Protein chains: 2
Amino acid sequence: MAVTIHDIAKKVGVSPSTVSRVMNGKAAISSETKEKIFAAMEELNFHPNSLARNLATGSSQAIALVINAEDTKSFANQFFNRSVFGIEQVAQARGFNLIITNDDSSSVSPIEQLVYAKKADGIIIPPSIVSQKLMNRLLKLRFPFVILGEPGISKNEVNWVDVNNSQGSELAVQHLAAQEYRSIAFVGESQELVFMRNRVAGFRSGLEAQHLALKDGFISECDGTSETACQSALDLLSRDHRPDAFICSDNAIAYGVISAVKKRGLRIPQDVGIVTFDNYPLARYTEPNLTAVDIDTFLLGEQAAMILFKTIEENGNRQQMLINTRLYERESTNRKN
Amino acid sequence: MAVTIHDIAKKVGVSPSTVSRVMNGKAAISSETKEKIFAAMEELNFHPNSLARNLATGSSQAIALVINAEDTKSFANQFFNRSVFGIEQVAQARGFNLIITNDDSSSVSPIEQLVYAKKADGIIIPPSIVSQKLMNRLLKLRFPFVILGEPGISKNEVNWVDVNNSQGSELAVQHLAAQEYRSIAFVGESQELVFMRNRVAGFRSGLEAQHLALKDGFISECDGTSETACQSALDLLSRDHRPDAFICSDNAIAYGVISAVKKRGLRIPQDVGIVTFDNYPLARYTEPNLTAVDIDTFLLGEQAAMILFKTIEENGNRQQMLINTRLYERESTNRKN
DNA sequence: ATGGCTAATGCAACCGGTTGCATTAACCAT
DNA sequence: ATGGTTAATGCAACCGGTTGCATTAGCCAT
């Protein structure tokens with residue numbers, strides 16, 4: 001078997017507890033013994049067994065990110081990659097491991113595993129699996145958790161981090177107004193989704209701030225595919241007073257809107273301007289390429305992890321955070337230069 | 001504190017070992033006591049503490065996926081998402097956790113943490129961090145590992161899973177030949193990358209199988225950006241005997257090639273056919289949309305995990321596996337219908 | 001009746017650390 | 001000299017399971 005604390009103790013001629021204390025930098029140990037212990041650890045190639053340590057301290061030294069493979073839309077895909085990196089970085093800096101676990105409806109809640117079996121000291125969960133029941137249970141157990149997105153319920157009672165969706169819409173409107181677009185429409189998915197509601201709210205307040213009217217029917221819902229987005233845009237463009245700009249809730253929708261504009265024989269950006277949420281994966285590659293409201297998902301993950309650790313350490317913290325977006329200007333709105 | 005095995009034992013009036021055995025289904029226990037124990041576990045809401053169990057059994061019940069955030073190209077991005085899901089699914093089915101840890105050059109090898117501190121029972125690592133030293137160390141420790149991609153070194157001595165890149169190229173050539181393209185070029189990245197070498201090899205053997213000549217300079221290397229890919233394609237298209245088809249090593253390259261073809265005033269697919277590796281993220285959305293060699297990354301992850309578990313269980317297994325690709329036919333090669 | 005066998009369960013050591021309390025020795029002030 | 005203090009370290013219990021070996025009781029064959 002591997003080298004243990006006892007082997008070190010025996011070699012140096014001290015007790016295991018002394019070795020433990022040296023290893024953890026706790027209590028006062030004479031620098032003489034310290035050095036001998038370090039030397040022995042080096043020589044025997046000692047590595048503390050984290051399983052033993054975890055049991056003794058009652059901590060798993062891990063946090064978990066719960067994902068929902070079924071929910072390909074909101075977080076699973078786009079956000080996933082870089083936010084995982086952000087979370088991992090924060091965890092690693094604290095010597096914690098990051099566990100990833102899928103919790104779709106088919107499995108017998110892996111969250112319970114993590115929580116009850118003490119496999120994690122805290123969890124980050126997507127809004128799509130948040131239920132009142134789950135939240136209540138976690139709160140009652142005082143088990144640290146952060147929601148990666150604004151939850152639809154009890155938003156003031158739990159920790160969460162989200163993109164500032166309404167600010168993103170405002171930014172888009174402001175930019176379009178500056179480019180002298182006056183008749184702006186919004187194409188997105190169902191407003192049953194929290195982030196959609198926030199984007200629409202920002203769209204409204206953005207229009208107000210720019211003293212622009214929200215025309216009837218200019219908030220259009222589709223199912224998120226390019227095809228239905230295209231249809232929605234075609235409908236709007238066939239009106240007497242058609243939009244001269246679109247804000248699209250994601251790249252696939254924007255792609256559909258571009259097709260619609262082209263079908264109607266209109267030019268982008270001269271006749272119609274387009275801004276899309278998300279700078280990925282298409283925005284750079286469409287024709288013309290797209291001005292985009294970009295979301296820093298690395299930062300999102302990072303902040304979620306920070307809040308989680310704060311909760312783990314302080315135990316009783318409650319925090320919400322919005323990450324501001326920024327605009328990447330590209331051809332699709334470049335009317336003036 | 002939480003309910004332990006001792007609480008159950010006391011309540012039922014048996015010894016902790018009996019409870020343990022019932023929990024694990026080991027040894028013969030009378031169905032009478034079994035039932036009483038199950039009832040007590042239910043009543044007290046007992047959940048075994050995995051930290052204790054792990055220490056006792058000497059297993060962490062976790063596998064780890066090492067990622068390399070610096071290596072955005074080969075695996076980190078595209079493959080990451082769905083292969084993680086595949087790995088996780090296999091792990092979850094076995095009651096294992098999946099740990100994700102980043103190992104870039106800046107950190108003091110988290111792999112050592114995982115291995116020496118016994119935080120994982122096995123690891124999956126990307127080729128980009130595989131060194132001879134690391135492999136030797138893992139082999140010597142008999143620590144189970146699988147490489148997620150064919151390694152550049154010692155490929156016969158270690159476990160790995162990879163996309164069948166050469167078969168992918170062959171598939172592409174075969175399809176192009178069937179569409180009566182005769183002068184096929186390949187645009188990819190540096191052949192220092194193992195997967196590139198395999199794709200080029202498949203390209204060559206595919207041409208041979210179709211009795212097509214490989215023209216001089218028709219294997220073109222760029223740095224992987226659309227811009228340099230476009231330049232490479234422009235060069236090839238300005239030759240006396242220009243290619244009538246391109247196989248592109250990824251979507252960004254294909255995008256550059258499309259631009260080049262359009263710049264030369266040629267039509268796709270009539271004058272020039274294009275096949276790209278990867279069905280994501282652009283293939284569906286380019287103009288025209290792209291015939292693609294698709295890689296099932298979920299399956300890739302799944303198989304990697306399967307091999308890892310086999311190694312963990314059988315201890316001494318050695319296995320390599322190639323995942324075949326399949327072709328999605330789209331407009332960019334649709335010359336005949 | 002008796003020895004042998006098996007099924008059911010307990011005992012206690014063990015996994016490898018952590019930590020509260022006790023102990024010892026040295027030093028200081030009175 | 002004596003009591004008090006502090007620095008350095010050991011003892012032993014503990015974290016919550018697992019498991020080899022021992023024990024007991026019941027049953028069967030001789």
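1. Let's start with Lys26(A), since this is a predicted model and the phosphate contacts deserve a look. A polar atom in the side chain of Lys26(A) sits 2.8 Å from a phosphate oxygen of DNA strand C. Ser20(A) also reaches the backbone of the DNA: an N or O atom of its side chain is 2.5 Å from a phosphate oxygen of strand C.

2. Chain B joins in through Ser15(B), but with its main chain: a backbone N or O atom there is 2.9 Å from a phosphate oxygen of DNA strand C.

3. Zooming out, 30 residues surround DNA strand C. The ones that come nearest are Ile5(A), Ser17(A), Ser20(A), Lys26(A) and Thr18(B). On the DNA side, sugar and phosphate make up 63% of the strand C atoms that come within 4 Å of the protein.

4. Where does the largest share of this surface come from? H2(A), with five residues. At least two residues each come from H1 (5–12), H2 (16–24) and H4 (50–57) of chain A, and from H2 (16–24) and H4 (50–57) of chain B.

5. If you're thinking about electrostatics, here is the make-up of the surface near strand C: 13 nonpolar residues, 13 polar and four charged.

6. Now the two protein chains. Chain B lands on chain A after a rotation of 180° with 0.0 Å of shift along the axis, at an RMSD of 0.1 Å. So the chains are related by a two-fold axis. In chain B, the C-alpha of Ile99(B) is the one nearest that axis, at 2.2 Å. Both copies use the same surface, and 100% of the contact residues of chain B recur in chain A.

Key
Residues numbered from 1 in each chain as written. Chains lettered and ligands numbered in written order. Predicted model: local features only at pLDDT ≥ 70, side-chain atom pairs only at ≥ 80, totals over all residues. Heavy atoms only, no water. Least-squares fit on C-alpha atoms with pLDDT ≥ 70 in both. Contact = heavy atoms within 4.5 Å. Near = heavy atom within 4 Å. Polar contact = N/O pair within 3.5 Å; in protein donor to acceptor, adjacent residues only side chain to side chain. Helix = DSSP H or I, 4+ residues; strand = E, 2+ residues; numbered from the N terminus. Nonpolar A, V, L, I, M, F, W, Y, C, P; charged D, E, K, R; others polar.
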